[in-house]
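Good morning, and thank you for joining. I would like to take a few minutes to walk through one structure, moving from the overall layout to its salt bridges and then to a pocket.

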Amino acid sequence: MENLQREYDEFKQPDIDGDDRISRTEFNMYVKNYLSNYPGLTEKDYPKFEEFDHDKDGYVSFQEYAQQMAVQAQEAELDQYYAQSQGATGKKEAQKANALYDLYGSAADSGGFNDLYAQIRN
C-alpha cells in the first residue's frame with residue numbers, strides 16, 4: 001500500500017488543476033522540467049504523452065500512468081543492458097534508466113491496482 005501511495009503522490013505532482021488526471025500540457029511541462037535535471041538526456045529520451053494515454057481520451061489516468069511507468073522503466077533497464085552487452089559503457093542508458101526509475105518510483109509492482117487505488121482515493 002505504501003508503494004502505491006507513493007506512486008499516486010508522484011502522479012499528482014503534474015496534475016496542476018487537481019482533476020485526478022494529467023492533460024497533455026501538464027504531462028509535457030512536468031516531464032520537461034523534471035528531466036532537465038538530467039543534462040545527458042535529450043528530448044528523444046523523454047517519455048511521450050501518447051505512450052501513457054492508453055485509451056486515447058486526451059488524459060492520463062493513474063492506472064495508465066502506473067502501467068506505463070513500469071513499461072518505461074523496464075525498457076530503460078533493457079537498453080542499458082543491451083548497450084553494455086554490445087561493449088558500450090551504457091553510461092547514457094544508465095543515466096536514462098536512473099532518471100526514469102527516479103521519476104517512476106516503484107511502478108512495476110501495481111498488482112491489485114484498482115482495489116488499492118480506490119482505497120487511496122477514499
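The chain contains 6 helices and 2 strands. Please keep in mind that what is displayed is a predicted model. Following the sequence from its start, the order of these elements reads α-β-α-α-β-α-α-α.

Let me turn to the chain as a whole. It has 122 residues, and 40% of them are buried. Among contacts with a separation of 6 or more, 61% are between residues 24 or more positions apart. The accessible surface amounts to about 7,100 Å², and carbon and sulfur atoms account for 48% of that area.

I now come to the charged side chains. In general, side chains of opposite charge can pair when their charged atoms come close. How many salt bridges are there in this model? The count is 5, and I shall discuss some of them.

Lys12, Asp15 and Asp20 are joined in a network of salt bridges. Lys12 pairs with Asp15 at 2.6 Å, taken from N to O, and Lys12 also pairs with Asp20, here at 3.5 Å from N to O. Are the members of this network buried or exposed? Asp15 is classed as buried because its relative accessibility is 5%, under the 20% limit. Asp20, at 13% relative accessibility, also counts as buried. Lys12 has a relative accessibility of 25%, so it counts as partly exposed.

A further salt bridge is formed by Arg24 and Glu50, whose closest N and O atoms lie 2.6 Å apart. This pair connects distant parts of the chain, since Arg24 belongs to helix H2 and Glu50 to helix H3, 26 residues apart. Both partners are partly exposed: Arg24 has a relative accessible area of 39%, and Glu50 has one of 43%.

Arg24 and Glu50 bring us to the last topic, because both residues also appear in the lining of the largest pocket. That pocket has a volume of about 160 Å³. Which helices each supply at least two residues of its lining? They are helix H2, spanning 24–35, and helix H3, spanning 49–52. H2 provides the largest share, with 5 residues. The lining also includes Phe27, Tyr46 and Pro47, as well as Lys32, Glu43 and Lys48. Sorted by class, the lining consists of 6 charged, 5 nonpolar and 1 polar residues.

To close, I would draw your attention once more to Arg24 and Glu50, which form a salt bridge and line the largest pocket. Thank you for your attention.

Terms used. Residues are numbered from 1 along each chain as its sequence is written. This is a predicted model: local features need pLDDT of at least 70, side-chain atom pairs count only at pLDDT 80 or more; totals for chains, interfaces and linings use all residues. Side-chain values use heavy atoms; hydrogens and water are left out. On a 1 Å grid over the protein atoms alone, a cavity is a set of points where a 1.4 Å probe fits but cannot get out, and a pocket is an open set with protein on both sides within 12 Å along at least five of seven lines; lining residues have an atom within 4 Å of a point. Grid points are joined across faces, edges and corners, and a volume is the space filled by probe spheres set on the points. Helices (H or I, at least four residues) and strands (E, at least two) are DSSP runs, numbered from the N terminus. Ala, Val, Leu, Ile, Met, Phe, Trp, Tyr, Cys and Pro count as nonpolar, Asp, Glu, Lys and Arg as charged, and the others, Gly among them, as polar. Buried means under 20% relative accessible area, exposed over 50%, partly exposed in between (1.4 Å probe, protein chains only). Contact means heavy atoms within 4.5 Å. Accessible areas come from the Shrake-Rupley method with a 1.4 Å probe; for residues, only the protein chains shown count as cover. A salt bridge is a side-chain nitrogen of Lys or Arg within 4 Å of a carboxyl oxygen of Asp or Glu.
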